[in-house]
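Please read these notes with the structure open beside you. They are meant for someone looking at a protein model for the first time.

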Amino acid sequence: MYRNFKIVPNIIFGRGCFNQLDGILQERRTDPDTPIIFVLDDVFKGKTLEGRIPLRGKDMILHVNVDDEPKTSYIDELVTLLKETYPVTPAGIIGIGGGSTMDIAKAVSLMLTNPGSAADYQGWDLIHNPAVYHAAIPTLSGTGAEISRTTVLTGPEKKLGINSDYTLYDQIMLDPELLAGVPKDQWFYSGMDCYIHDVESLTGTFLNEFSRAYGEKSIELCRQVFLEDHPERDDKLMMASYFGGMSIAYSQVGACHALSYGLSFVLGTHHGIGCCITFDYLEEIYPQGVAEFRRMMDKHGITLPRNLTANLSAEELDTMATVALGLTPLWENCLGKGWEEQMTRERVLELYRRM
Ligand SMILES: [Fe+2]
């Protein structure tokens with residue numbers, strides 16, 4: 001069976017396109033008492049970008065903190081706050097920020113129309129009611145959150161996304177100007193998330209011509225950005241992120257993502273840096289990708305944190321391994337059917353002990 005997959009229906013791309021946001025939201029504004037909520041990474045509090053948000057009527061800027069990876073409990077809190085503040089369901093949720101902020105905005109838009117806790121929906125296709133209209137405006141590129149059908153959340157029991165067709169954004173606004181001023185480390189780690197998506201997709205057993213077409217273009221753009229210092233690198237990275245996301249949408253990620261989820265579940269490591277830390281130990285699985293990744297790190301003077309797991313208990317390491325090994329499709333894509341014989345619990349633990 002081939003998957004019949006949905007993509008984001010409305011995309012606007014170009015330098016300065018953020019200025020068209022007010023116009024785009026006009027058709028959503030049918031009732032003056034119904035607000036639009038702008039979910040904004042709190043690093044932009046008081047910054048120029050915040051002042052450019054086209055607030056009208058009862059709209060709200062909802063500042064969110066992404067120092068930690070988004071948790072299901074945090075989503076529940078935000079949804080309760082909105083329900084207590086407004087007697088009506090908002091007309092739109094607009095996420096402005098990096099991958100975590102975009103994921104929060106997706107989850108909030110889903111949980112405004114679906115009962116219970118966000119934790120109840122971690123998994124595949126568990127959402128039954130369409131979300132509130134939601135749009136994303138990335139200020140950091142690489143995660144592919146703008147194009148993916150998931151919102152990755154850490155719950156009480158697992159780190160797993162709410163994967164559904166309703167999770168997908170209704171509109172994305174790709175304005176490369178918004179990437180200016182991103183701290184170098186963050187820029188690098190998020191960009192490498194994209195590079196790793198491409199490597200995992202292009203070397204995976206699930207690869208098909210659809211995924212290859214997007215993955216090859218994305219990795220070419222990553223090389224121009226991270227090895228060639230292309231003058232239009234922000235534009236290129238924004239498209240690399242989108243194409244990388246499209247590539248994995250019809251294939252899957254692999255070993256690096258599986259292991260990074262375990263790391264992040266126990267240590268709270270952010271996705272981008274977590275993928276970089278993990279990828280650096282996977283030369284046996286991705287020899288060419290890891291070699292090129294190291295050239296990119298050298299070029300940009302990036303040093304990764306080490307010895308993260310040195311003080312962990314056997315139980316914590318075991319939890320990490322359980323989270324990682326639970327991601328069957330990722331391992332199947334990476335190593336094929338029968339992956340369990342190659343990626344034993346002992347091998348996973350050994351990899352974690354080295355990190
Ligand atoms: Fe990723």
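The points below go from the whole chain to single residues.

1. This is a predicted model. The chain contains 14 helices and 9 strands. Its radius of gyration is 20 Å, close to the 20 Å that the globule rule gives for 355 residues, so the chain is as compact as a globular protein of that length. The C-alpha trace spans about 60 × 45 × 45 Å along its principal axes.

2. How much of the chain is buried? Of its 355 residues, 57% count as buried. The accessible surface comes to about 15000 Å², and carbon and sulfur atoms make up 50% of that surface.

3. Contacts in the chain can be sorted by how far apart the partners are in sequence. Among contacts with a separation of 6 or more, 76% are between residues 24 or more positions apart.

4. The chain carries 31 positive and 48 negative side chains. The centres of these two sets lie 2 Å apart.

5. The domain assignment splits the chain into domain 1, residues 10-179, and domain 2, residues 184-354. Between the C-alpha centres of the two domains there are 25 Å. To the contact between them, domain 1 gives 29 residues and domain 2 gives 24 residues.

6. Helix α9 covers residues 271-279, and 8 of its 9 residues are buried, so the helix is largely enclosed by the rest of the structure. The buried residues are H271, G272, G274, C275, C276, I277, T278 and F279. Which helices do they pack against? The partners of the buried residues of α9 are α5 (184-202), α8 (255-267) and α10 (287-299).

7. Two aspartates deserve a look at the backbone. Most residues other than glycine have a negative phi. D125 is not a glycine, yet its phi is positive, at about 55°. D125 sits in the loop between β5 (123-124) and β6 (134-138). With a relative accessible area of 45%, D125 is partly exposed, because partly exposed covers the range between under 20% and over 50%.

8. D229 is the other aspartate: its phi is positive as well, at about 50°, although D229 is not a glycine. The loop that holds D229 runs between α6 (209-226) and α7 (233-249). D229 is partly exposed, with a relative accessible area of 40%.

9. Is D103 buried or exposed? The relative accessibility of D103 is 9%, and buried means under 20%, so D103 counts as buried. D103 belongs to helix α4, residues 99-111. Leaving out residues up to four places away in sequence, D103 touches A145, T150, T151 and V152.

10. C17 is in the loop between β1 (10-13) and α1 (21-26). Although C17 lies in a loop, it is buried, with a relative accessible area of 4%. Which residues does C17 contact, apart from its neighbours within four places in sequence? They are I12, M173, L174 and D175.

11. One further distance concerns C17. C17 and M246 are 229 residues apart along the chain, and their C-alpha atoms are separated by 22 Å.

Conventions. Residues are numbered from 1 along each chain as its sequence is written. This is a predicted model: local features need pLDDT of at least 70, side-chain atom pairs count only at pLDDT 80 or more; totals for chains, interfaces and linings use all residues. Side-chain values use heavy atoms; hydrogens and water are left out. Helices (H or I, at least four residues) and strands (E, at least two) are DSSP runs, numbered from the N terminus. The radius of gyration is taken over C-alpha atoms; the globule rule is 2.2 Å times the number of residues to the power 0.38. Buried means under 20% relative accessible area, exposed over 50%, partly exposed in between (1.4 Å probe, protein chains only). Contact means heavy atoms within 4.5 Å. Accessible areas come from the Shrake-Rupley method with a 1.4 Å probe; for residues, only the protein chains shown count as cover. Lys and Arg count as positive and Asp and Glu as negative; His and the chain ends are not counted. The place of a charge is taken as NZ of Lys, CZ of Arg, CG of Asp or CD of Glu. Domain bounds come from an automatic or database domain assignment.
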